[in-house]
Amino acid sequence: MDLFSKVMGRQTSSSKSIAKERLRLVLVHDRSSISPQLLNDLKEDMLKVISSYMEIDMAGTEVTLSQDEKSVALVANIPVIKLNRVQCGR
Amino acid sequence: MGQVIVITSGKGGVGKTTTSANIGTGLAAIGNKVVLVDTDIGLRNLDVVLGLENRIVYDLVDVTHGNCRLKQALIKDKRFENLCLLPAAQTKDKSAVEPEQMKELCGKLKEEFDYVIIDCPAGIEMGFKNAIAGADKAVVVTTPEISAVRDADRIIGLLEAAELRNPTLIVNRIRPRMVKNGDMMDINDMIDILAIELLGVVPEDEKIVISTNRGEPAVLDMNSWAGQAYRNIAKRITGENVPLVSLEVEDGLLGKLKRILGFNN
Ligand SMILES: Nc1ncnc2c1ncn2[C@@H]1O[C@H](COP(=O)(O)OP(=O)(O)O)[C@@H](O)[C@H]1O
Ligand SMILES: [Mg+2]
């Protein structure tokens with residue numbers, strides 16, 4: 001495989017399926033009242049809550065809406081750096 | 001009482017005017033009384049696509065402002081005497097007409113004509129609101145590109161909010177070879193994502209350019225793929241059942257696409 005087609009990333013998926021995926025995602029946002037800004041606020045609030053339970057990688061965290069056939073899911077990918085030790089009563 | 005059908009899309013340049021001209025001419029060719037209304041005020045085009053640009057005296061704004069009678073502004077087509085055009089004003093702006101006036105106008109037109117086809121401007125502002133105000137049905141045109149489909153989705157939402165329910169979809173400028181190579185979204189992808197009923201599929205066709213050059217809609221060209229697609233769409237609008245896909249699967253996707261387009265029927 002020559003370098004050019006590698007750079008273009010053509011082997012893995014057809015441009016049609018990329019288009020479909022991108023379209024689905026953009027429509028999830030368009031159709032709901034969830035703006036990227038709102039999603040970001042939600043992410044920050046979530047991180048605040050979660051970080052009082054465990055040490056997480058704030059920069060590596062991703063919060064997105066995703067859609068498969070019929071349902072929409074809120075997907076959060078939050079890398080955990082360290083789980084806090086068990087403390088009394090917890 | 002006739003039916004008012006608005007041809008809309010959100011995005012510009014996807015083929016609303018081409019579709020309006022071809023559906024209108026196609027419906028007239030099979031014996032219906034049709035009037036085409038160009039609501040793209042300031043960017044009039046339907047007249048050129050139909051080859052009627054030299055006959056314009058009055059326009060839509062003249063009618064709604066009472067500068068002339070409705071009959072005086074209707075331009076008779078060269079080919080079919082049961083086909084008329086009400087041209088858009090070229091020098092006014094979109095706010096020169098209001099939705100209430102469009103409703104009234106459409107009401108009058110559908111007493112006279114079997115089909116009132118409204119060519120909608122791009123966008124979701126005043127021009128769009130005017131175009132849909134008097135409509136009974138909506139046809140959404142898109143091309144197989146993300147931006148066009150996205151705008152179509154937005155339009156479908158706005159049509160629903162305006163109580164124009166169950167719009168139908170025309171996918172324009174499909175290129176079978178690109179679909180086959182996985183480089184263009186196919187019809188099923190789009191109707192799936194938009195959750196809308198398909199009215200027809202129109203292929204990319206050089207004959208559209210040629211026919212626009214001549215001012216003769218491709219629907220009258222028996223050798224044009226796109227023309228064939230528009231003939232089928234016109235029939236479907238009249239309620240005739242022209243199948244979209246034949247169940248007998250033929251040689252691969254190209255054969256199937258030809259069937260979708262209504263060839264080999
Ligand atoms: N199926 C097609 N094949 C080739 N060219 C097309 C097709 N449909 C539309 N076009 C061209 O695309 C351009 C935009 O079409 P038009 O009908 O004016 O779009 P709109 O009214 O939505 O802005 C025109 O130049 C037209 O000739
Ligand atoms: Mg147009």
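In this predicted model, a good place to begin is the shell around ligand 1, whose largest share, 3 residues, comes from helix α1(B). Among the 15 residues around ligand 1, the ones that come nearest are G13(B), K16(B), T17(B), T18(B) and N172(B). If the residues of this shell are sorted by class, 4 are nonpolar, 7 are polar and 4 are charged.

We can now look at some individual atoms and the distances between them. T17(B), one of the nearest residues, has a polar side-chain atom that lies 2.8 Å from an oxygen atom of ligand 1. In the case of V14(B), it is a backbone N or O atom that lies 3.2 Å from an oxygen atom of the ligand. A nitrogen atom of ligand 1, in turn, is 3.0 Å from a polar backbone atom of P203(B). Taken on its own, ligand 1 has 570 Å² of accessible area, and the protein covers 79% of it.

The next step is to ask where in the protein this ligand lies. The space that ligand 1 takes up is the largest pocket, and the elements of chain B that each give two or more residues to the shell around the ligand are α1 (16–29), β7 (168–174), β8 (197–203) and α10 (206–214).

Finally, the pocket can be described in its own right. The largest pocket holds about 440 Å³ of space, and of the 26 residues that line it, those closest to its centre are G13(B), V14(B), G15(B), K16(B) and T18(B). The elements that give two or more residues to this lining are α1, β7, β8 and α10 of chain B, and by class the lining residues divide into 11 nonpolar, 8 polar and 7 charged. G13(B), K16(B) and T18(B) thus appear both among the residues nearest to ligand 1 and among those closest to the centre of the largest pocket.

Note on methods:
Residues numbered from 1 in each chain as written. Chains lettered and ligands numbered in written order. Predicted model: local features only at pLDDT ≥ 70, side-chain atom pairs only at ≥ 80, totals over all residues. Heavy atoms only, no water. Near = heavy atom within 4 Å. Polar contact = N/O pair within 3.5 Å; in protein donor to acceptor, adjacent residues only side chain to side chain. Areas by Shrake-Rupley, 256 points an atom, 1.4 Å probe, with all protein chains shown as cover. 1 Å grid on protein atoms, 1.4 Å probe; cavity = no way out; pocket = protein on both sides within 12 Å on 5 of 7 lines; lining within 4 Å. Sits in = over half its atoms within 2 Å of the grid points. Helix = DSSP H or I, 4+ residues; strand = E, 2+ residues; numbered from the N terminus. Nonpolar A, V, L, I, M, F, W, Y, C, P; charged D, E, K, R; others polar. Points joined across faces, edges and corners; volume = space filled by probe spheres on them.
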